[in-house]
Amino acid sequence: MAALIAENFRFLSLFFKSKDVMIFNGLVALGTVGSEELFSVVAFNCPCSPARNYIYGLAAIGVPALALFLIGVIWNNHTWNLVAECHKRGTKNFSAAATFLLFGSIMGRASVAPITWSVISLLRGEAYICALSEFVKPSSLDKFPSESGAEVLAKFPCRDVPANLTKFRDEVTRRLRYESQLFGWLLIGIVAVLVFLTKCLKHCCSPLSYRQEAYWAQYRSNEDKLFRRTAEVHSRILAAKNVKQFFGFVALDKEEKELVQEFPVEGVQPSPQWNAITGVYIYRENKGFPLYSRLHKWAKGVEGNGPTPEGHELLFLAS
């Protein structure tokens with residue numbers, strides 16, 4: 001199992017160049033592997049009944065993968081930036097390339113966990129064997145009893161078969177496990193090739209040099225950390241002022257008192273400012289100078305979201 005996990009982490013590492021993103025997605029993959037193992041040990045129980053095996057086996061692979069994919073879409077900030085963009089400004093400023101790039105980024109990140117789940121399920125083989133055991137042709141098994149059919153084959157995953165059929169059960173299990181693992185390795189190879197080609201295309205089409213792209217990634221990370229930290233302090237101070245106004249006093253600890261004294265908060269930002277810094281951001285330049293985020297763009301006083309005579313869209317999405 002340790003070798004299997006190692007192989008999957010080597011595969012997943014092809015997805016990501018950013019250390020923070022790699023660590024996050026590595027944890028996602030590790031959690032998915034652990035969840036799949038727990039599911040196989042505790043929850044997976046093949047019904048060993050014709051027609052039910054197929055539905056149950058496919059559901060065991062597909063339904064958790066679908067759930068993990070939807071969770072990945074929900075957790076992706078680009079998803080809600082896109083929702084905000086469509087709600088506030090529409091997509092009229094987006095070219096087809098920018099829209100494709102955005103959806104590709106969302107779908108690519110959301111696919112890490114479901115692909116990991118599917119690969120591990122196929123390499124283990126239990127769900128695949130459960131789903132397809134009844135479809136093995138009896139004629140492909142040497143000297144298989146003619147009176148036995150799909151109903152007997154459907155019981156092979158549960159090993160609840162007569163002693164004279166044990167060797168056939170082993171043969172069917174070995175054959176289906178081979179097919180399942182083959183599909184698992186093929187899935188790894190196909191996804192790895194797609195990721196490699198996507199990375200090559202991204203860097204070939206990128207308007208940024210390697211160093212500027214690295215700087216942009218550092219800027220986004222620092223801006224996000226500082227914004228969250230400042231927003232937390234700002235909201236705490238504002239809440240303290242409102243609570244004090246209601247009760248006449250506010251119970252603050254020593255650290256909070258220092259924050260209130262050091263950072264006077266006069267009010268809240270108006271909605272137009274929040275709308276200006278919220279939404280999808282495609283890398284743009286204005287008069288030759290880069291604008292690294294919506295907040296950066298707002299701070300520089302640049303208006304609009306689409307191409308203008310003084311600023312042009314370079315169709316490069318923040319990863």
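This is a quick look at charged side chains in a predicted model, starting with the salt bridges and ending at the surface.

**Salt bridges**

Searching the whole structure turns up seven salt bridges. Side chains of opposite charge can pair when their charged atoms come close. Three of the pairs are set out here, including their N to O distances.

| Pair | N to O distance |
|---|---|
| Asp170 and Arg169 | 3.2 Å |
| Glu232 and Arg236 | 2.6 Å |
| Arg236 and Glu256 | 4.0 Å |

Take the Asp170 pair to begin with. Arg169 is buried, because its relative accessible area is 13% and the cut-off for buried is under 20%. Its partner Asp170 comes out as partly exposed, at 36%.

Arg236 shows up in two rows of the table, with Glu232 and with Glu256. Arg236 sits in helix α10 and Glu256 in helix α11, so this salt bridge ties together parts 20 residues apart in sequence. Glu232, on the other hand, shares helix α10 (residues 210–247) with Arg236; the two are four residues apart, which means a separation of about one helical turn. Both ends of that pair are partly exposed: Glu232 has 37% relative accessibility, and Arg236 has 29%.

Elsewhere, Glu171, Arg174 and Arg175 are joined into one network by salt bridges that share partners.

**Out on the surface**

Which residues make up the patch of negative charge on the surface? They are Asp253, Glu255, Glu258 and Glu262. Among them, Glu255 belongs to helix α11 and counts as exposed because its relative accessibility is 52%.

Past that helix, Glu266 lies in the loop between α11 (254–262) and α12 (271–276). Glu266 is exposed too, at 74%. Its C-alpha is 9.6 Å from that of Lys241, though the two residues are 25 apart in sequence.

Terms used. Residues are numbered from 1 along each chain as its sequence is written. This is a predicted model: local features need pLDDT of at least 70, side-chain atom pairs count only at pLDDT 80 or more; totals for chains, interfaces and linings use all residues. Side-chain values use heavy atoms; hydrogens and water are left out. Buried means under 20% relative accessible area, exposed over 50%, partly exposed in between (1.4 Å probe, protein chains only). Patches are made of residues with over 30% relative accessible area and no salt bridge: like charges are joined within 9 Å, nonpolar side chains (Val, Leu, Ile, Met, Phe, Trp, Tyr) within 5 Å. Accessible areas come from the Shrake-Rupley method with a 1.4 Å probe; for residues, only the protein chains shown count as cover. A salt bridge is a side-chain nitrogen of Lys or Arg within 4 Å of a carboxyl oxygen of Asp or Glu. Lys and Arg count as positive and Asp and Glu as negative; His and the chain ends are not counted. The place of a charge is taken as NZ of Lys, CZ of Arg, CG of Asp or CD of Glu.
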